[in-house]
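Me: I am new to this structure and would like to learn how to read it, one feature at a time. Could we go through it slowly?

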Amino acid sequence: HFIYNHATASLAMVEAYGMTGSPLFRGSAQKALDFIALARNPYFAWRYGVKPGDNDTSVSGWMMMALKSAKLVNEDAVRRRKSPPLVIDEEAFDGILAWIDKMTDPDTGRVGYIQRGGMPARPHEMIDRFPGNRSESMTGVGVLARAFAGQNPKTSEVIRKGAALCAALPPTWNPDDGSVDMYYWYYATLAMFQVGGRPWKIWNDHLETDIVDHQRQDTTYCLYKGSWDPIGPWGPDGGRVYSTALMAMCLEVYYRYPVFVGLERR
């Protein structure tokens, strides 16, 4: 699953370059983007391997995040009347949208992992504890992808349906009912912020309680203080660093990505 690791590391490198402008990071960021372009399936997206022939929404979502970050870096350079510093596979955004369309159930708005309208993936040993119907993680990826592609959340029926599914499953810190899914919360937080309105208000109200209020305040910073417990389905894989990073990125949503209405920012 190195390709999955590459996607998240690419996002980190592109972000590092975007924040610093350091030529030391630019080379690594560009190589990361080059490999993303190399690995993508023609006309579609990504899964495990280089042009493996099959795709999944999860890997594709993380590749999208790296590409989106790179696009913002280039747009910032153009605004400052400089040449775009990064080379991006622009056709990748069409491929991502094509895959999301294929995975979206038009009747419900639910986005599947590898099947249209299907459930999100789970580690085999976690299926009973964290049932797929307690998460809309792939729907969050799909709604965000559509917003990033310029589809207007105010007029898109499929975005409206997807946002309604997420609003019905807001972040709820209950370790006993299988509802904790930080992966889902990360993508849906970004997606719901783009959607705005009542769905975002419902989601944000839970951000302010179920996420903020469960940051560890006990012990010391060298132990647990400042972190979140890794109790979701992917917690055993990612550990406390994973859980804390995702929760921190959720709380960046207010200022991280501009809200897009059609192709216009606000």
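Me: Which residue follows H1, and what is the sign of its phi?
Reply: Helices are DSSP runs of H or I, at least four residues long and numbered from the N terminus; here H1 is followed by Gly21, whose phi is positive, near 70 degrees. This is a predicted model, in which local features need pLDDT of at least 70, side-chain atom pairs count only at pLDDT 80 or more, and totals for chains, interfaces and linings use all residues. Residues are numbered from 1 along each chain as its sequence is written, and side-chain values use heavy atoms, with hydrogens and water left out.

Me: What should the 19 residues of H1 span?
Reply: The expected span of a helix is 1.5 Å times one less than its number of residues. For H1 that gives 27 Å, and its end C-alpha atoms are 27 Å apart, which agrees.

Me: Is His6 buried or exposed?
Reply: Buried means under 20% relative accessible area, exposed over 50%, and partly exposed in between, with a 1.4 Å probe and protein chains only. His6, which is found in helix H1 (residues 2–20), is buried, with a relative accessible area of 19%.

Me: Which residues is His6 in contact with, leaving aside its neighbours within four places in sequence?
Reply: Contact means heavy atoms within 4.5 Å, and on that basis His6 touches Ala32, Phe35, Ile36 and Met63.

Me: What do the buried residues of H1 pack against?
Reply: These residues, among them Ile3, Tyr4 and Leu11, pack against helix H2 (23–39), helix H3 (57–79) and H7.

Notes. Helices (H or I, at least four residues) and strands (E, at least two) are DSSP runs, numbered from the N terminus.
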